[in-house]
Amino acid sequence: MHVLFSGGDVEELRNILSSDFTFRGPFYEFHSADAYIKSLKSDPPQEWQYTLIRSFADESSACLVYEFSRSAVRTPMTQLFEVSNNKISKILLIFDTGAFT
């Protein structure tokens, strides 16, 4: 979250994403860290903000519920992170796409 919302270098994500990383969300799906990072580079996260509502974690997963805002868009989002060997192996992003139309 820090890298995405601070305007940091998305290449930093390589250090925390596993070799078998997958991402699934309402608009995109990626089956590798390379594809995910390439997408973030082609449409960089700019002027994104979030306010954490709640977080939960156990030994192999974490869940963040937050309010996302960008320009005129403001909507709650949830991300479920699965972890394997101390790296993020899977992200599931859930939100109402109607806020973007």
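This note walks through a predicted model of one protein chain, from its overall fold down to single residues.

1. **Elements.** The protein chain has two helices and six strands. Read from the N terminus, their order is α-β-β-α-β-β-β-β. A helix therefore opens the chain, since elements are numbered from the N terminus. The run ends in four strands.

2. **Overall size.** The chain has 101 residues, and a compact globule of that length would have a radius of gyration near 13 Å. The protein chain has 13 Å, so the two agree. Along its principal axes, the C-alpha trace spans about 40 × 30 × 20 Å.

3. **Burial and surface.** Of the 101 residues, 34% are buried. The accessible surface of the chain is about 6,600 Å². Carbon and sulfur atoms hold 49% of that surface.

4. **Contacts along the chain.** Take the contacts with a separation of 6 or more. Residues 24 or more positions apart make up 37% of them. Points 7 to 10 give examples of contacts for single residues.

5. **Charge.** The protein chain carries 9 positive and 13 negative side chains. Where do the centres of the two sets lie relative to each other? They are 2 Å apart.

6. **Aromatic rings.** Eleven aromatic pairs turn up in a search of the whole structure. In one of them, the rings of Tyr28 and Phe30 have centres 5.9 Å apart and planes at 15 degrees. Planes under 30 degrees apart count as stacked, so this pair is stacked. Both residues belong to an aromatic cluster, together with Phe21, Phe23 and Tyr36. Are Tyr28 and Phe30 buried or exposed? Tyr28 has 48% relative accessibility, so it counts as partly exposed. Phe30 has 12% and therefore counts as buried.

7. **Leu4, in the helix at the start.** Leu4 lies in helix α1, which covers residues 2-6. Its relative accessible area is 11%, so Leu4 is buried. Which residues does Leu4 touch, leaving out those up to four places away in sequence? They are Val10, Leu13, Tyr36, Leu40, Pro45 and Trp48. Tyr36 is also a member of the aromatic cluster in point 6. Trp48 is 44 residues from Leu4 in sequence. In space, the two C-alpha atoms are 8.0 Å apart.

8. **Ser69, in strand β4.** Strand β4 runs over residues 61-70 and holds Ser69. Ser69 has 12% relative accessibility, so it counts as buried. Leaving out residues up to four places away in sequence, Ser69 touches Glu47, Trp48, Gln49 and Arg74. Trp48 thus appears in two contact lists, because Leu4 touches it as well, with contact meaning heavy atoms within 4.5 Å.

9. **Thr75, in strand β5.** Thr75 lies in strand β5. Its relative accessible area is 5%, so Thr75 is buried. What does Thr75 touch beyond four places in sequence? Its contacts are Tyr66, Glu67, Phe68, Asp96, Ala99 and Phe100.

10. **Ile88, in strand β6.** Ile88 is placed in strand β6. At 15% relative accessibility, Ile88 counts as buried. Its contacts, again without residues up to four places away, are Ile16, Leu17, Ser18, Phe21, Phe81, Glu82 and Val83. Among them, Phe21 belongs to the aromatic cluster. Ile88 and Tyr50 are 38 residues apart in sequence. Their C-alpha atoms are 20 Å apart in space.

11. **The loop between β5 and β6.** Strand β5 covers 73-84 and strand β6 covers 87-95. Asn85 sits in the loop between them, and so does Asn86. Asn85 has a positive phi of about 55 degrees, although it is not a glycine. Asn86 has a positive phi too, of about 65 degrees, and is not a glycine either. Are these two residues buried or exposed? Asn85 has a relative accessible area of 73%, so it is exposed. Asn86 has 77% relative accessibility and therefore counts as exposed.

12. **What to look at.** Start with the aromatic cluster of Phe21, Phe23, Tyr28, Phe30 and Tyr36. Then find Trp48 from Leu4, 8.0 Å away between C-alpha atoms. End at the loop between β5 and β6, where Asn85 and Asn86 are found.

Notes:
Residues numbered from 1 in each chain as written. Predicted model: local features only at pLDDT ≥ 70, side-chain atom pairs only at ≥ 80, totals over all residues. Heavy atoms only, no water. Rg over C-alpha atoms; globule rule 2.2 N^0.38 Å. Buried < 20%, exposed > 50% of the residue type's maximum accessible area, 1.4 Å probe, protein only. Areas by Shrake-Rupley, 256 points an atom, 1.4 Å probe, with all protein chains shown as cover. Lys, Arg positive; Asp, Glu negative; His and termini not counted. Charge placed at Lys NZ, Arg CZ, Asp CG, Glu CD. Phe/Tyr/Trp six-rings, centres within 6.5 Å; stacked < 30°, edge-to-face > 60°.
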